[in-house]
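Reader: Before we discuss the site, could you show me the model, and then let me ask how each term is justified?

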Amino acid sequence: MLNGKHIILGITGSIAAYKAAMLCRLLVKEGAEVRVIMTPLAKQFITPLTMATLSKHPILVEFFNPENGEWNSHVSLGEWADMLLIAPATANTLAKMTTGIADNLLLTTYLSARSVVAVAPAMDLDMYAHTTTQQNLRTLAERGVEIIEPAAGELASGLVGKGRMAEPEEIVERVREILGGVKKKSLEGKRYIVTAGATIEPIDPVRYITNHSTGKMGYAIAEELARRGAEVKLISGRTALAVPKGVERIDTLTAEDMYNAAVSEWQDADGAVMCAAVADYTPKTVADRKLKKSDDDMRIELRRTKDIARELGASKGNRTLVGFALETDNEEANAEGKLERKNLDFVVLNSLRDEGAGFRGDNNKVTLIDRNGREEHPLMSKKKVAEIIVDKIEKLNNK
Ligand code: C5P
């Protein structure tokens, strides 16, 4: 519940502003006191009357009331708030927040706010993916702004991709978590290793063997562990992802690099989550010059790589070790085999059968398998899956 919490809801000029109405209603229903600040453009997307009615207070847009000159003090608003929540947050507002531009009441309030600040970005997929926007989000996150990630889906432009504002229910859940600090520090003092992403096995200076892993699942787990106060070493193969807040990334290329990094970090760790898609085979020799083609077929001889999870499992003791399994057939029997062979506490079985789950996407559908049985979960965001996995790790710690 958000009883008595003071929330400033900032609305900017995005088509997703219509969702701010539902968001406001949910916040009020949870017991929060909400004051709404709209940017001038936001009024084109949703009416102040709607927002005033739902928040039960007049809407603030201008620095002062043009009728009577009454000052809308951003300073006292900033002091009043327990949270400044900007939803939807456009690329424009995010950029202004990053650089300190203060040309509307919402931005001056942001600069004066002593409270926690959260933003829920909403924009077209190319704007969201643009280096500038991503850089601005990273900068804001580094300064402590909570980023409520957009989801992938159909956008107002008709394009499909990431940029849709998170749903109001999800935003309220994050607000509850942030203000309640519920799960925040439950893993304080614990050290975890997470492996993530694809390894790259060179054939020659130009070619290599890899796989479709994007690293999203592992990065979400690393982020969740860090959010709960753990010290996290993220041993990463190639990915295009930014380092999550509060996480130390160790970059690796081949399965062997990843093995060496993991074995060395394992010494001081309390647990590890092996999420990387590690190559099982690597070229026996790496040519030092680009291999020339001929009219004949070519054979590349491969040798087995070392199994990182198995190596850590051999010296596990009472530490926590979690593995992943991605199977196309005999899923459960294979996952159970891994539990034993690698001495894991539990295996996260990914499904490749369900649409929208597995590689690349932002969603996953998993079954957690341990020696007592299995828990099957519906399709959900990788962030949510990460929460479930870390909840289970916490339960193991408390045994
Ligand atoms: O045996 P399989 O590759 O299917 O097992 C998958 C699990 O083992 C994952 O947790 C993966 O990260 C881990 N693994 C590893 N090192 C390898 C191969 C797999 O850590 N060389």
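Author: In this predicted model, the residues of the shell around the ligand divide into six nonpolar, two polar and five charged.

Reader: How many residues surround the ligand, and which are the closest?

Author: The ligand is surrounded by 13 residues, and the closest are Met274, Ala276, Phe324, Lys338 and Lys342. Phe, Met and Ala count as nonpolar and Lys as charged.

Reader: What makes the pair formed by a nitrogen atom of the ligand and Lys306 a polar contact?

Author: The cut-off for a pair of N or O atoms is 3.5 Å, and a nitrogen atom of the ligand is 2.9 Å from a polar backbone atom of Lys306, so this pair qualifies as a polar contact. By the same criterion, a nitrogen atom of the ligand lies 3.0 Å from a polar backbone atom of Ile308, and an oxygen atom of the ligand lies 2.9 Å from a polar backbone atom of Ala309. Taken alone the ligand exposes 440 Å², of which the protein buries 87%.

Reader: Which helix and which strand each supply at least two residues of the shell around the ligand?

Author: Helix H11, spanning 308-314, and strand S16, spanning 320-327, each do so, and the space taken by the ligand is the second largest pocket.

Reader: Leu321 is found in strand S16; why is Leu321 called buried?

Author: The word applies under 20% relative accessible area, and Leu321 has a value of 0%, so Leu321 is buried. Leu321 and Arg304, 17 residues apart in sequence, are 23 Å apart in space, C-alpha to C-alpha.

Note on methods
Residues numbered from 1 in each chain as written. Predicted model: local features only at pLDDT ≥ 70, side-chain atom pairs only at ≥ 80, totals over all residues. Heavy atoms only, no water. Near = heavy atom within 4 Å. Polar contact = N/O pair within 3.5 Å; in protein donor to acceptor, adjacent residues only side chain to side chain. Areas by Shrake-Rupley, 256 points an atom, 1.4 Å probe, with all protein chains shown as cover. 1 Å grid on protein atoms, 1.4 Å probe; cavity = no way out; pocket = protein on both sides within 12 Å on 5 of 7 lines; lining within 4 Å. Sits in = over half its atoms within 2 Å of the grid points. Helix = DSSP H or I, 4+ residues; strand = E, 2+ residues; numbered from the N terminus. Buried < 20%, exposed > 50% of the residue type's maximum accessible area, 1.4 Å probe, protein only.
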